[in-house]
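Trainee: I would like a close look at the cysteines of this model, with the surroundings described afterwards. Please give the cut-offs as you go.

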Amino acid sequence: MPDRAVSESLPRSIDRRTVDELSLLEVLSEDFDAYGRHWVEPGLWAVAVHRLGARVDRAPTPLLRGPLGLAHKVLFTTVDWIWGIHLPRTTQVGRRVRIWHNGSIFLNARSIGNDVQIRHDTTLGSVRMKDGARPELLPTIEDGAEIGSGACILGGVNLGRGAVVGANAVVLQSVPAGATVFGVPAKIMPK
Amino acid sequence: MSPVPAPDAPLPTGDVNGNPRDIGSLALLAEDFRTYDRDPLAAGFWAVTVHRMGNWRMAIKPKWLRAPATVAYRAAYRGVIALWGIDLPYNMRIGRRFRLGHHGCVHIGAREIGDDVTIQHSVTVGLIRHNTLRFPTIGNRVEIGPGAAIVGSIHVGDDSFVGANTVVGRDLLPASKVMGIPMRFEKP
């Protein structure tokens with residue numbers, strides 16, 4: 001791992017560390033920059049609470065896990081109730097993920113990659129209620145994907161690198177890298 | 001569920017307790033709590049409880065005796081809309097084990113909803129045109145995906161599944177599976 005002075009000067013393409021290799025402070029300051037340094041953005045708070053939750057199980061001592069888990073639960077419920085952004089800590093979230101706007105955002109995914117853009121009213125989850133949150137029935141969003149408002153990505157599908165999902169599209173099948181999909185159910189648009 | 005009412009029949013006036021009759025009040029509350037996996041933080045549980053409360057108070061016949069409960073119900077109803085965006089008026093009949101998957105932009109104005117119905121967030125159930133009474137009815141064991149809209153005087157048959165972001169504007173036979181705009185039938 002490069003030391004701090006080197007890592008800060010690294011361009012994005014070279015800095016390939018995963019979110020787990022960064023310290024909480026580093027990842028939060030990177031998120032703050034990704035949100036244009038606007039600390040009142042609801043999405044920034046949702047991501048920050050998620051960063052805390054994702055690190056509860058890696059707390060330095062087991063004694064801290066109880067209070068940290070409780071703090072996360074309180075903050076998570078507050079973000080969920082006030083802004084309607086539901087980002088559970090079981091979802092793996094990459095670096096610089098940006099959630100634009102707020103309201104009816106449910107992100108129950110297997111993983112969300114780096115630099116993903118998510119808009120309001122987006123639903124990531126399983127197709128049927130009875131499927132619940134079984135990981136193999138939840139979507140995987142790869143790096144750099146962009147999701148329009150009102151879109152639903154349901155089931156154990158894979159959204160490829162840099163794919164674009166149009167507004168209100170319903171994605172039920174895997175999307176190749178770089179493709180643009182649109183419609184209900186979603187179809188791949190010709191380039 | 002009773003037979004499907006006529007499209008322009010008057011709406012239930014809400015002057016009777018419309019909760020399911022085959023179960024006691026506390027047992028109904030306990031059953032709703034179990035439906036939401038015993039999670040007291042589930043917004044849907046509180047929205048349904050406020051709906052049930054709006055009906056329970058109508059069992060108190062003298063209006064002056066009911067007044068405090070009415071004030072409390074109306075405050076709670078507006079509170080649920082403001083905090084979670086769930087609009088569930090009390091004069092709509094809702095069956096047992098009704099489940100709201102998530103909260104946010106849920107507006108439900110149906111004539112009647114059956115038992116074991118699941119509705120996700122951003123769902124609209126209601127009118128096509130205002131100043132009409134053409135509300136839908138929803139059968140038993142129906143599941144409605146996120147963002148769907150069910151509009152007009154239609155009946156959604158038992159065991160149907162409505163996919164995400166689907167607009168339903170016609171009757172669905174039992175065990176239908178629909179999806180898309182415009183809506184089309186999927187193989188069950």
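Trainee: How far is the sulfur of C105(B) from the closest cysteine sulfur, and in which residue does that sulfur lie?

Mentor: This is a predicted model, in which local features need pLDDT of at least 70 and side-chain atom pairs 80 or more, while totals for chains, interfaces and linings use all residues. Residues are numbered from 1 along each chain, chains are lettered from A and ligands numbered from 1 as written, and side-chain values use heavy atoms, without hydrogens or water.

The closest cysteine sulfur to that of C105(B) belongs to C152(A) and lies 12 Å away, which is too far for a bond. Over all chains, the search of the whole structure returns zero disulfides (sulfur pairs within 2.5 Å). Looked at from the other end, C152(A) is in no disulfide either, and the cysteine sulfur nearest to it is that of C105(B), at 12 Å. The two residues also sit in unlike surroundings: C152(A) is buried at 1% relative accessibility, whereas C105(B) is partly exposed, with a relative accessible area of 44%. Here buried means under 20%, exposed over 50% and partly exposed in between, with a 1.4 Å probe and protein chains only.

Turning to the aromatic side chains, six aromatic pairs are found over all chains (ring centres within 6.5 Å, with the six-membered ring for Trp). In one of them, Y73(B) and Y77(B) are stacked, with 5.8 Å from centre to centre and 25° between the planes (under 30 degrees is stacked, over 60 edge-to-face, the rest tilted). These two tyrosines are four residues apart in helix 3 (residues 63–84) of chain B, so about one helical turn separates them, and both Y73(B) and Y77(B) are buried. Elsewhere in chain B, ring pairs join F33(B), Y36(B), F45(B) and W46(B) into a cluster.

Helices are DSSP runs of H or I with at least four residues, numbered from the N terminus. In helix 2 (residues 24–34) of chain A, the buried residues include E26(A), V27(A), E30(A), D31(A) and A34(A). Because these residues cover an arc of only 135° around the axis, taken from the directions to the C-beta atoms, they lie on the same side of helix 2 of chain A. After helix 2 of chain A comes G36(A), whose phi is positive, near 65°.
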